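Trainee: I would like a close look at one part of this model. Please start there and then work outward.

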Amino acid sequence: KTYNQIRSGGKSVLEKFPGPAKDIAARLEEYMKGMVSPATLFEELGFNYIGPIDGHDLDVLVPTLRNLRELDGPQMLHIMTKKGKGFAPAEKDPVGFHAISKIEADTPAASKKPATPVSKPKYQDIFGQWLCDQAEACDKLVGITPAMCEGSGMVAFSERYAERFYDVAIAEQHAVTLAAGMACDGLKPVVAIYSTFLQRAYDQLIHDVALQNLDVTFGIDRAGLVGEDGPTHAGAFDLSFLRCIPNMVVMAPADENETRQMLHTAYHYPGPAAVRYPRGTGPGVIPATEMATLEIGKGRKIREGGEVAILSFGTLLTAAQEAGEKLNASVADMRFVKPLDTELIDQLAATHSLIVTVEENVIAGGAGSAVTEYLHQRGVNVAVLQLGLPDTFVDHGNHLTLLSQLGLDAEGIAQSIQQQLQS
């Protein structure tokens, strides 16, 4: 009603203006109308705008949707909802209930099993602690997140360094381009982003950051499978889509301490560098307080064995070690997907008859593919078995159960190797 009154009054006033002044005032009225009414914006784009309406009022929402089906042309329905509406705990704590696991039914207190204390920090907490420590040591550090402050472990940083914290909301492309602009101006941006959401900013990653070889650090959370979060949130492709980009350094830590040290290494690398780590907790390696820079592109051999060499990229190292113990295989923590430790690969290929690559990333184009490409280019004739995620979207479920089903636990890795040796 107020808008219509303003519009009618504006028209009567505009009629009294001379021609050129009237045109300018009319354009000004259109701009003002766009600021007052969201309908103008969408109507200019060719949409018929309806709303806003209460998205929780089904008696209004359902008939509106039915009526929209009868209209011609593109329709824009503006619905207002409240996060967690109808479930009191979620309404009270929308952040905590953004992503939850299975909710157990209420049982008498006497029959409840005592909760098992979780002493191991999550990988996001390792990142958050490192970010605060690095910010204390370097005043050029700025932290950027696309609406995942809590999920990425940045709450403490946002409170301690509020003037250096940027939450750009659900705008991953903007997060990456903002980081590029800040890097151009001499700052050292750290982008905390989920693997699955970095896919949305792939163009910006290539053209705005990598093409200019800018000093941007990416903390890539939720790499690999994500359990109950399901296929939409699984970080199944980052090794594949990152390693093909020039100027990128790509690291895959095996545990909590390597995560901290690789983040430090990525931060001090004068170019784009990414560290990918999974959801949840790790094997329980206590991170060293001191931060040390790792040699770029160097892995480590952690077990000497017989004819099989297992090259592990990332947090499946524990399972690879167990399989190595069972089969008396050599095991290497490769650490870097790009650049590869080609010296270590040459050594292992020369002394073993089977190279096995293990990663929690799709096999297609992943770390194992990088190894096979290198061996082919060198003309090295050695058998290679690539183990990783299949060429399908993996459904939600318990993380360890999913790894077992996919043959990426210790037993599955050992079984795949035995089958390869017998073929």
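Which residue takes a positive phi just after α13?

Mentor: The residue is N328, with a phi of about 55 degrees. Keep in mind that this is a predicted model.

Start with the helix before N328. α13 covers residues 317-327. Its buried residues are L317, A319, A320, A323 and G324. They span an arc of only 155 degrees around the axis, so they sit on the same side of α13. The face turned away from that buried side carries E325 and K326, both exposed. The helix therefore has a buried side and, on the face turned away from it, exposed residues.

Now ask what the buried side meets. The partners are β9 (300-303), β10 (308-313), β11 and α17 (410-422). That is three strands and one helix. β11 deserves the next step. This strand runs over residues 330-333. Two of its residues are worth a closer look.

Take S330 first, which belongs to β11. Its relative accessible area is 1%; the cut-off for buried is under 20%, so S330 counts as buried. The side chain of S330 comes to 2.7 Å from the backbone nitrogen of G305. Beyond four places in sequence, S330 is in contact with K301, R303, E304, G305, G306, V308, A309, I310 and H352. Match those numbers to the strands. K301 and R303 fall within the range of β9, and V308, A309 and I310 fall within that of β10. G305 appears twice in this picture: as a contact of S330, and as the owner of the nitrogen reached by the serine side chain.

D333 is also in β11. Its relative accessible area is 0%, so D333 is buried too. Its contacts, leaving out neighbours within four places, are A254, E258, G299, R300, S312 and L317. L317 is one of the buried residues of α13. This ties the aspartate back to the helix we began with. R300 lies in the range of β9 and S312 in that of β10.

Follow β9 back along the chain. The loop between β8 (273-276) and β9 holds P278. P278 has 9% relative accessibility and therefore counts as buried. Its C-alpha is 9.6 Å from that of P253, a residue 25 places away in the chain. Setting aside residues within four places, P278 is in contact with Y123, D221, R222, A223 and T315. D221 is our bridge to another part, since it falls in β6 (217-221).

β6 is among the elements that cover the buried residues of α8. The others named are β3 (141-145), β4 (165-167), β5 (188-194), α9 (195-198) and α10 (202-210). α8 itself takes in residues 172-184, 13 in number. Its end-to-end C-alpha reach is 19 Å, close to the 18 Å expected at 1.5 Å a residue. Buried in α8 are E172, A175, V176, A179, A180, M182 and A183. Viewed down the axis, they fall within an arc of 165 degrees, so they line one face of the helix. After α8 comes G186, with a positive phi near 95 degrees. Positive phi thus occurs at N328, just after α13, and at G186, which follows α8.

Next, the helix pair. The axes of α8 and α10 are 9 Å apart, at an angle of about 5 degrees. Angles under 35 degrees count as roughly parallel, so these two helices do too. The contact uses Q173, V176, T177 and A180 of α8. From α10 come Q204, L205, D208 and V209. V176 and A180 are also on the list of buried residues of α8.

One more site, in another strand. Q75 lies in β2 (residues 75-80). Its side chain makes a polar contact of 2.8 Å with the side chain of N48. A polar side-chain atom of Q75 also lies 3.0 Å from the backbone oxygen of G73. Outside four places in sequence, Q75 touches F47, N48, I50 and L68. G46 is 29 residues away in sequence from Q75, with 8.7 Å between their C-alpha atoms.

Finally, the whole chain. It has 17 helices and 14 strands. Of its 423 residues, 44% count as buried. Among contacts with a separation of 6 or more, 73% join residues 24 or more positions apart.

Methods:
Residues are numbered from 1 along each chain as its sequence is written. This is a predicted model: local features need pLDDT of at least 70, side-chain atom pairs count only at pLDDT 80 or more; totals for chains, interfaces and linings use all residues. Side-chain values use heavy atoms; hydrogens and water are left out. Helices (H or I, at least four residues) and strands (E, at least two) are DSSP runs, numbered from the N terminus. Contact means heavy atoms within 4.5 Å. A polar contact is a pair of N or O atoms within 3.5 Å; within protein, one must be able to donate a hydrogen and the other to accept it, and residues adjacent in sequence count only if both atoms are side-chain atoms. The expected span of a helix is 1.5 Å times one less than its number of residues. Buried means under 20% relative accessible area, exposed over 50%, partly exposed in between (1.4 Å probe, protein chains only). The arc is that of the directions from the helix axis to the C-beta atoms. Axes are lines fitted to C-alpha atoms, for helices over the stretch in contact, and angles run from 0 to 180 degrees between N-to-C directions. Angles under 35 degrees count as roughly parallel, over 145 as roughly antiparallel, 65 to 115 as roughly perpendicular and the rest as oblique.
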